[in-house]
Amino acid sequence: MQKPVATSFLAIAALILAALTCGAGAAGQGQSAETATPPTISAAPANNVGDVQSDVTYCTPHGVELKMDIYYPASGAGPWPVAMYVHGGGWVSGDKSEGAKGEIAALTQAGFLVTTINYRLAPDHKFPAQIEDVKCAVRFLRAHAADYNLDPTRIGAWGGSAGGHLVSLLGTSDKSAGWDVGEYLDQSSRVQAVVDMFGPSDLTAEDFITMRRERKAEILFGINDLNAPVVAQASPINHISPDDPPFLI
């Protein structure tokens, strides 16, 4: 059973690597209307090779401190491309420390700076809190590019289940969706590659509310009407456009 799992790690690394090593020219696709001038990147060799920084506060919506862990590459001087992990858990549970150990190790060995993030969970925090937090994490990384010796023009994201849904929404939506709120608004939340591992793409589908007898729409949105506009708005399939980054689904 281990071989297919290892293969999935390599597939994730390969897709993000292919997208993110194309350089700044390719990274800018679809961003001209919303990308601020990238911050200056430190040219000095990094002192944090192989280190891990835990529980870095990246944003504080309504006073809630949101945390990320930062895993530095195993070697190299940077600036490094970034792979950001968004955990699953049905939007109601889960943690940044769960579900991605194999991918993290593969990506740091391949020269990526990896971040894993927590976000506000339902039912205490209804949608769109979750995608607002994911977008804020990307803006934080760009705003602090010099601090972490990362390349703000090469950021990819991956996640599974609810995390897959959120990274898909991150990759397909832009500022017109209204989810870029809070801090670091001078930075773009666009990413250059997305890996969606079995995340729902159409939340208006009939089985969204009935699967496993859980009332997903009620938990996430505080409603039980699949025809409500917010359900369609939260569906990545409704935000697809030609300038979206490459996806592996």
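Where in the chain is Pro79 found? Pro79 sits in the loop between β2 (66-71) and β3. The model is predicted. Its protein chain has nine helices and seven strands. Helix α4 (residues 129-143) recurs throughout this briefing.

**Overall fold**

- The protein chain holds 249 residues, and buried residues make up 48% of them.
- Consider contacts between residues at least 6 apart in sequence: 77% of these join residues at least 24 apart.
- The chain exposes about 10,800 Å². Carbon and sulfur atoms supply 55% of that area.

**Helix α4**

- Helix α4 has 15 residues, and at 1.5 Å a residue it should span 21 Å. The C-alpha atoms at its ends are 21 Å apart, so the expected span and the model agree.
- Cover is extensive: 14 of the 15 residues of α4 are buried.
- Gln130 belongs to α4. Its relative accessible area is 0%, so Gln130 is buried.
- A polar atom of the Gln130 side chain lies 3.3 Å from the backbone oxygen of Arg120.
- Beyond residues up to four places away in sequence, Gln130 touches Trp91, Tyr119, Arg120, Leu121, Ala122, His125, Leu166 and Leu220.

**Nonpolar cores**

- In soluble globular proteins, nonpolar side chains tend to be buried together.
- The largest nonpolar core here has 47 residues. Tyr58, Met68, Met84 and Phe221 have the most contacts inside it.
- Helix α4 gives this core its largest share, seven residues.
- Another core lies apart from it and has 10 residues. Among them are Tyr71, Ala83, Ala100 and Val195.
- Which residues does Met84 touch, not counting residues up to four places away in sequence? They are Thr115, Ile117, Val134, Ala137, Val138, Leu141, Gly156, Ala157, Trp158 and Leu170.

**Disulfide**

- The count comes to one disulfide. It joins Cys59 to Cys136, with an S to S distance of 2.0 Å.
- The link of Cys59 and Cys136 is left-handed, at -85 degrees about the S-S bond.
- Cys59 lies in strand β1 (residues 52-59) and Cys136 in helix α4, so the pair ties together parts 77 residues apart in sequence.
- Buried means under 20% relative accessible area. Cys59 has 1% relative accessibility, so Cys59 counts as buried.
- Cys136 has 4% relative accessibility and therefore also counts as buried.

**Lys96**

- Lys96 is placed in the loop between β3 (80-86) and α3 (101-109).
- Is Lys96 buried or exposed? At 6% relative accessibility, Lys96 counts as buried.
- The C-alpha atoms of Lys96 and Ile117 are separated by 5.1 Å. These two residues are 21 residues apart along the chain.
- Setting aside neighbours within four places in sequence, Lys96 is in contact with Asp55, Lys67, Met68, Asp69, Tyr85, His87, Thr116, Ile117 and Asn118.

**Backbone geometry: cis peptide bonds**

- The peptide bond from Gly78 to Pro79 is cis, and its omega is near 0 degrees.
- The peptide bond from Ala122 to Pro123 is cis, with omega near 0 degrees.
- Pro123 lies in the loop between β4 (113-117) and α4.

**Backbone geometry: positive phi**

- Asn149 has a phi near 55 degrees, a positive value in a residue other than glycine.
- Asn149 is found in the loop between α5 (145-148) and β5 (150-160). Its relative accessible area is 5%, so Asn149 is buried.
- Phe198 is not a glycine, yet has a positive phi of about 50 degrees.
- Phe198 is found in the loop between β6 (193-197) and α7 (206-210).
- Exposed means over 50% relative accessible area. Phe198 has 64% relative accessibility, so Phe198 counts as exposed.

Terms used. Residues numbered from 1 in each chain as written. Predicted model: local features only at pLDDT ≥ 70, side-chain atom pairs only at ≥ 80, totals over all residues. Heavy atoms only, no water. Helix = DSSP H or I, 4+ residues; strand = E, 2+ residues; numbered from the N terminus. Buried < 20%, exposed > 50% of the residue type's maximum accessible area, 1.4 Å probe, protein only. Contact = heavy atoms within 4.5 Å. Areas by Shrake-Rupley, 256 points an atom, 1.4 Å probe, with all protein chains shown as cover. Expected span 1.5 Å × (residues − 1). Core = buried A, V, L, I, M, F, W, Y, C linked by side-chain atoms within 4.5 Å. Disulfide = S-S within 2.5 Å. Polar contact = N/O pair within 3.5 Å; in protein donor to acceptor, adjacent residues only side chain to side chain.
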